[in-house]
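Biologist: Please take a close look at a single part of this model, and then say how that part relates to its surroundings. I would also like to know how far the coordinates can be trusted.

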Amino acid sequence: MSFLNENDLSESQNKVSSILDDSKFSSKQNEASIEKKIYNFKVVLLGDASVGKTSILNRYIKKQFSDDYKCTISSCIENKSFTYDLYTVIKLNIWDTSGEEKFKSITKLYFKNTHGIVLNYDIHNRKTFESLNDWIKIIKENSNQFVSIIIVGNKIDLERNVSKEELNNFCENYNFLSEEVSAKNGINIDLLFQKLSKKMIENYENFEKEDNNKSENNNIDNNEMNNEDSKIKLSNSMNDDNKNFQNDNIEKKKDKEIQCC
Ligand code: GDP
Ligand code: MG
């Protein structure tokens with residue numbers, strides 16, 4: 001049974017546009033001449049088995065959905081870059097979890113250097129909403145205080161057994177972001193990553209302010225970007241974690257590939 005109307009998708013697209021508008025995307029300056037900050041953020045998808053983590057990732061990256069989706073090794077970590085606003089490019093390195101979630105045995109590897117967490121439940125399956133507290137305990141034990149968290153109720157195309165109000169109350173308690181989405185229909189999927197990215201930038205900048213020991217040399221990295229980004233210089237302040245991030249990921253990916261599926 002479907003509970004979506006045909007305006008839902010365009011509403012979702014409008015919400016994304018409004019975030020972009022807020023971020024000065026409509027400026028008339030010559031975009032090519034502007035030096036952009038590039039943020040590299042690691043994001044982890046968490047939540048009970050079958051809530052739709054892999055489907056959300058697949059919808060976001062490939063714009064596809066399958067009713068019988070099975071995680072493959074190559075889909076466990078995905079990268080996506082997008083222009084957040086005139087001055088900012090965001091590069092997301094998104095980790096799917098598969099198998100481990102049944103036992104909530106997510107290893108510390110997933111949490112290392114993580115900037116954002118998408119904690120998912122299935123609005124049709126109440127048990128997965130009730131699991132959120134357990135997940136938050138695991139996150140608190142393993143993450144730093146600057147990690148950004150968004151609680152995501154997936155499958156809004158199905159009959160709901162968790163109300164929007166319950167989600168809002170839950171998130172107010174913890175001061176988390178929230179969104180309801182459908183990986184199946186693509187509703188609010190881009191929006192959720194936009195919202196999370198906005199929060200990760202804020203938290204990252206706050207972290208920077210509190211990092212009294214940073215030195216000028218460590219802060220600015222003027223490395224030339226690859227061809228695609230050749231006109232863009234990396235001008236954001238990068239902490240040590242972020243600088244080592246790309247190298248670490250090669251090792252993590254090898255490790256992850258062994259664990260996946
Ligand atoms: P994961 O275990 O959390 O990665 O969940 P999957 O992405 O493998 O999805 C589990 C099942 O839920 C699959 O059969 C998907 O097709 C289905 N599913 C995922 N997202 C949605 C959604 O938004 N709506 C509906 N109706 N089914 C979905
Ligand atoms: Mg999966």
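Modeller: Two strands are said to pair if DSSP finds at least two bridges between them. Helices (H or I, at least four residues) and strands (E, at least two) are DSSP runs, numbered from the N terminus. Residues are numbered from 1 along each chain as its sequence is written, while chains are lettered from A and ligands numbered from 1 in the order in which they are written. The model is predicted: local features need pLDDT of at least 70, side-chain atom pairs count only at pLDDT 80 or more, and totals for chains, interfaces and linings use all residues.

The part I take is the unit built on β5 and β6. Strand β5 (residues 148–154) runs parallel to strand β6 (residues 177–180), and four bridges join them. One of the bridges links Ile150 to Leu177 of β6. Between the two strands the chain passes through helix α6 (residues 164–174), giving a right-handed β-α-β crossover; right-handed means that, with the strands pointing away from the viewer, the path from the first strand over the helix to the second runs clockwise.

The loops at either side of α6 each hold a non-glycine residue with positive phi. Lys155, in the loop between β5 and α6, has phi near 75°. Asn175, in the loop between α6 and β6, has phi near 65°. Their surroundings are not alike: Lys155 is buried because it has 24 C-beta neighbours inside 10 Å, whereas Asn175 is exposed because it has 7 other C-beta atoms within 10 Å. (Buried is 20 or more other C-beta atoms within 10 Å of a residue's own, exposed 12 or fewer, partly exposed in between; C-beta atoms are placed from the backbone.)

Strand β5 also takes part in covering a helix. The cover over the buried residues of α2 includes β5, together with β1 (37–47), β2, β3 (88–95), β4 (116–122) and α7 (189–210). Eight of the 10 residues of α2 are buried, so this helix is largely enclosed by the rest of the structure; Lys53, Thr54, Ser55 and Ile56 are among them. Helix α2 (residues 53–62) also contributes three residues to the shell around ligand 1, the most of any element. That shell has 18 residues, and Gly52, Lys53, Thr54, Ser55 and Lys184 come nearest; a residue is near if its C-beta atom, placed from the backbone, lies within 6 Å of the ligand. Just after α2, Lys63 has a positive phi of about 60°.

A further neighbour is Leu132, found in helix α5 (residues 132–142). Leu132 is buried because 22 other C-beta atoms lie within 10 Å. Leaving out residues up to four places away in sequence, Leu132 touches Leu119, Tyr121, Ile151 and Phe170. Contact means that the C-beta atoms, placed from the backbone, lie within 7 Å.

As for trust, pLDDT is the predictor's confidence in each residue, from 0 to 100. The protein averages 77, and 63% of its residues score at least 70. Over residues 21–25 the pLDDT is below 50, and over residues 220–261 it stays under 50 as well, although the model has 51 contacts beyond four places in sequence for residues 220–261. Where pLDDT is low, the predicted coordinates should not be read in detail.

Technical notes. Two residues are in contact if their C-beta atoms, placed from the backbone, lie within 7 Å.
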